[in-house]
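Here is a short walk through the fold, meant to be read with the structure open beside you. Take your time and click along as you go.

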Amino acid sequence: MKLSLNWLQELLVGLKNFSDKEIISVIEQLGYEIENVTVLGPGLENVRIVKILNIQKHPSADKLQLATIFDGKNEFTVVCGATNIYIGMVAPYVGEGTVLPNGLKIEKRKIRGIESNGMLCSQKELVLGEDHSGIIELDNNFVLGESLKKYVNDTIIEISTPANRFDCLGHNGIVKELAIKFGLNYIPDKTVFEETKNLPFYDLKIESADLCPKYIATNISNVKNDIKIPFFMRHRLSVCGIRS
């Protein structure tokens, strides 16, 4: 299971007073094997937030587009092959001379006769995930010109959870453990979901009350899957190994 330290610190007040090293050490002391630790942010210092102002077709290539981008001060033109870009889109951009986390150095070069001043980036190019199908779509609350590192700086811990500790197969379960160990006050989430009695009923027979004394199900309906998910949700799920 993958844990985001940022997420843990949001759930448990006071945890930010402890270093990443201390938190990781305590998680290990609690009996969870640390399989991997990934630090997000290094190498993203020069990745800037930009907005796409205009898009034109590349005159010499059907699958390429020319995007005019704005970083809050200056405008640039980049050649882009991604199909998900649109006017008004906020995205990560790297300019000439920048070295990406994967070691790729960005240089000003001509693509089919048109000079590209850097590039817009996908998730995989910035080592923030495996998605290479399109440019990362950010939100309008990102400040143009700022470094992407400010928004994605995090430490991801991959742990092995004992088979009998199903209560800790999530951030809330681990947070309760950390609260006891660090002597912090854990305040559970007080989100209240609206319930209705007009639910469908299903025939259910419990074969063994000793093995299963109670069975509870929740019916979720009217889900709108065409709503754009905010970047922080998509990113947080992604770094924890879950596709949004």
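The report below goes through the sheets, then the helices, and ends with one loop residue. Please keep in mind that this is a predicted model.

**The five-stranded sheet**

Let's start with the open sheet built from 5 strands, which follow the order β5-β4-β3-β6-β9 with antiparallel pairing. At its edges you will find β5 (75-80) and β9 (119-120), each of which pairs on one side only.

Within this sheet, β3 covers residues 48-57 and β6 covers residues 90-94, and 4 bridges link the two in the antiparallel sense. To find your place there, look for Arg48, which stands opposite Tyr93 in β6.

Next, turn to strand β4 (residues 65-70), which is paired with β5 over 6 bridges, again in the antiparallel sense. Leu66 has Val79 in β5 as its bridge partner. The hairpin of β4 and β5 has 4 residues between the strands, and Gly72 in this hairpin takes a positive phi near 100°.

**The three-stranded sheet**

Another open sheet has 3 strands in the order β1-β10-β2, and its pairing is antiparallel. β1 and β2 (33-40) each have a single partner strand, so one side of each is left without a neighbour in the sheet. On average, neighbouring strands here are turned by 25° against each other, direction ignored. β2 and β10 run antiparallel and are joined by 7 bridges. A handy pair to look up is Val37 and its bridge partner in β10, Ile157.

The table gathers three of the strand pairings described above.

| Strand pair | Sense | Bridges | Partner residues |
|---|---|---|---|
| β3 and β6 | antiparallel | 4 bridges | Arg48 and Tyr93 |
| β4 and β5 | antiparallel | 6 bridges | Leu66 and Val79 |
| β2 and β10 | antiparallel | 7 bridges | Val37 and Ile157 |

While you look along the strands, one general point may help: in a regular strand, side chains alternate between the two faces of the sheet.

**Helix α4 and its surroundings**

Now for the helices. α4 has 12 residues and reaches 16 Å from its first C-alpha to its last, close to the 16 Å expected at 1.5 Å a residue. Which residues of α4 are buried? They are His171, Gly173, Ile174, Val175, Glu177, Leu178, Ala179 and Phe182. The cover over these buried residues includes β1 (2-4), α1 (5-11), α2 and β10 (154-160). Just after α4 comes Gly183, with a positive phi near 70°.

The contact with α2 is worth a closer look. The axes of α2 (residues 20-29) and α4 (residues 171-182) come within 10 Å and cross at roughly 100°. The two helices are therefore roughly perpendicular to each other. From α2, the residues Glu22, Ile23, Val26, Ile27 and Gln29 meet Leu178, Lys181 and Phe182 of α4. By type, the residues of this contact divide into 5 nonpolar, 1 polar and 2 charged.

**A loop residue, Glu146**

Finally, have a look at the loop between β9 and α3 (149-152), where Glu146 is found. How exposed is Glu146? Its relative accessible area is 23%, so Glu146 counts as partly exposed. Leaving aside neighbours within four places in sequence, Glu146 is in contact with Val47, Arg48, Ile49 and Tyr151. Arg48 is the residue that stands opposite Tyr93 in β6. Glu146 and Asp71 are 75 residues apart in sequence, and their C-alpha atoms are 8.3 Å apart in space.

Conventions
Residues are numbered from 1 along each chain as its sequence is written. This is a predicted model: local features need pLDDT of at least 70, side-chain atom pairs count only at pLDDT 80 or more; totals for chains, interfaces and linings use all residues. Side-chain values use heavy atoms; hydrogens and water are left out. Two strands pair if DSSP finds at least two bridges between them. Axes are lines fitted to C-alpha atoms, for helices over the stretch in contact, and angles run from 0 to 180 degrees between N-to-C directions. Angles under 35 degrees count as roughly parallel, over 145 as roughly antiparallel, 65 to 115 as roughly perpendicular and the rest as oblique. Contact means heavy atoms within 4.5 Å. Ala, Val, Leu, Ile, Met, Phe, Trp, Tyr, Cys and Pro count as nonpolar, Asp, Glu, Lys and Arg as charged, and the others, Gly among them, as polar. Buried means under 20% relative accessible area, exposed over 50%, partly exposed in between (1.4 Å probe, protein chains only). The expected span of a helix is 1.5 Å times one less than its number of residues.
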